[in-house]
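I open this notebook to record what I looked up in one structure, entry by entry. The sequence and model are placed first for reference.

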Amino acid sequence: MASLDELTSQINIPGNKYESYSDFGGKTARDIFGTNALDQSIVKRAELFESSIFMNNRDGTFTRITLSPEAQFSPVRSIILNDLNKDGRPDMVVAGNNYFERPSLGRHDASFGWVLINDLSSGYNAIMPGRSGLAIKGDARRILEITIAGEQYLVAAVNNGDLQIFRVQTPASK
């Protein structure tokens, strides 16, 4: 999905055959680079585009668990695992966003972070920010747990922003 300007700034296109965006638009990689160059290229594929965790089955295998739809809104940059509701199962807190995308793609900024409660029957369920108390504003890169006067808090480090501190509220276990 590179634009003509982005592509030509990184790669010399044989014959410099595209003088305008209208000449370039709609062309395939084979049209642009030619069959010979593509046949000699290394092909790499991305197979998974959803935020997931991999649980160690302790037998040399892993089980992939896709995070809730809410955790797919933006890239996940940091995860904390902790039994937030004290039911014996690890819950998680995720934070992310990505403000440094090309303008043509737009930034990924649809997340305020999520508290995900581990429910054996339905996986990890997102708690809405108004209920959880977690509402990170900005391009969150890291979250950490801290204890202040015996109370647990989350600290969010936001790229080009201030630290944000939250006391996360979690529902009681069922």
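I took helices (H or I, at least four residues) and strands (E, at least two) as DSSP runs, numbered from the N terminus. I worked on a predicted model, in which local features need pLDDT of at least 70 and side-chain atom pairs count only at pLDDT 80 or more, while totals for chains, interfaces and linings use all residues. Residues are numbered from 1 along each chain as its sequence is written, and side-chain values use heavy atoms, with hydrogens and water left out.

**Entry: helix 4**

I located D39 in helix 4, which spans residues 35–39. I called a residue buried under 20% relative accessible area, exposed over 50% and partly exposed in between (1.4 Å probe, protein chains only). D39 has 55% relative accessibility, so I entered this residue as exposed. I then compared its position with that of G150: the two are 111 residues apart in sequence, and their C-alpha atoms are 62 Å apart in space.

**Entry: strands 7, 8 and 9**

I counted two strands as paired if DSSP finds at least two bridges between them. Strand 7 (residues 140–148) and strand 8 run antiparallel and are joined by eight bridges. Within this pairing I found I146 opposite Y153 of strand 8, and I found A156 of strand 8 as the bridge partner of I143. The hairpin of strands 7 and 8 has two residues between the strands, and A149 there takes a positive phi near 50 degrees.

On to the next pairing: strand 8 is joined to strand 9 (residues 164–166) by three bridges, again in an antiparallel arrangement. Here L154 stands opposite F166 of strand 9. These two strands also form a hairpin, with five residues between them. I noted as background that side chains in a regular strand alternate between the two faces of the sheet.

**Entry: positive phi values**

Which loop holds N160? I placed N160 in the loop between strand 8 and strand 9. Its phi is near 55 degrees, a positive value in a residue other than glycine. N160 counts as exposed because its relative accessibility is 71%.

I also looked up N97, a residue other than glycine with a positive phi near 100 degrees. N97 sits in the loop between strand 4 and strand 5. Its relative accessible area is 1%, so N97 is buried.

**Entry: the largest pocket**

I searched for open and closed spaces on a 1 Å grid over the protein atoms alone: a cavity is a set of points where a 1.4 Å probe fits but cannot get out, a pocket is an open set with protein on both sides within 12 Å along at least five of seven lines, and lining residues have an atom within 4 Å of a point. Grid points are joined across faces, edges and corners, and a volume is the space filled by probe spheres set on the points.

The largest pocket has a volume of about 240 Å³. I listed 14 lining residues, of which L84, E145, Q152, Y153 and V168 lie nearest the centre. Strand 8 (residues 151–158) gives the largest share of this lining, with four residues.

**Entry: the largest cavity**

How many cavities of 30 Å³ or more does a search of the whole structure find? I recorded one. The largest cavity has a volume of about 40 Å³. Its lining includes E70, P75, G96 and W114. Strand 4 (residues 91–96) supplies the largest share of that lining, three residues.

**Entry: aromatic rings**

I paired rings of Phe, Tyr and Trp (its six-membered ring) if their centres lie within 6.5 Å, with planes under 30 degrees apart called stacked, over 60 edge-to-face and the rest tilted. By this rule I counted one aromatic pair. The ring centres of F73 and W114 are 6.1 Å apart and the planes stand at 75 degrees, so the pair is edge-to-face. F73 lies in the loop between strand 2 (62–66) and strand 3 (76–82) and W114 in strand 5 (residues 114–119), so the pair ties together parts that are 41 residues apart in sequence. I entered F73 as partly exposed because its relative accessibility is 45%, and W114 as buried because its relative accessible area is 6%.
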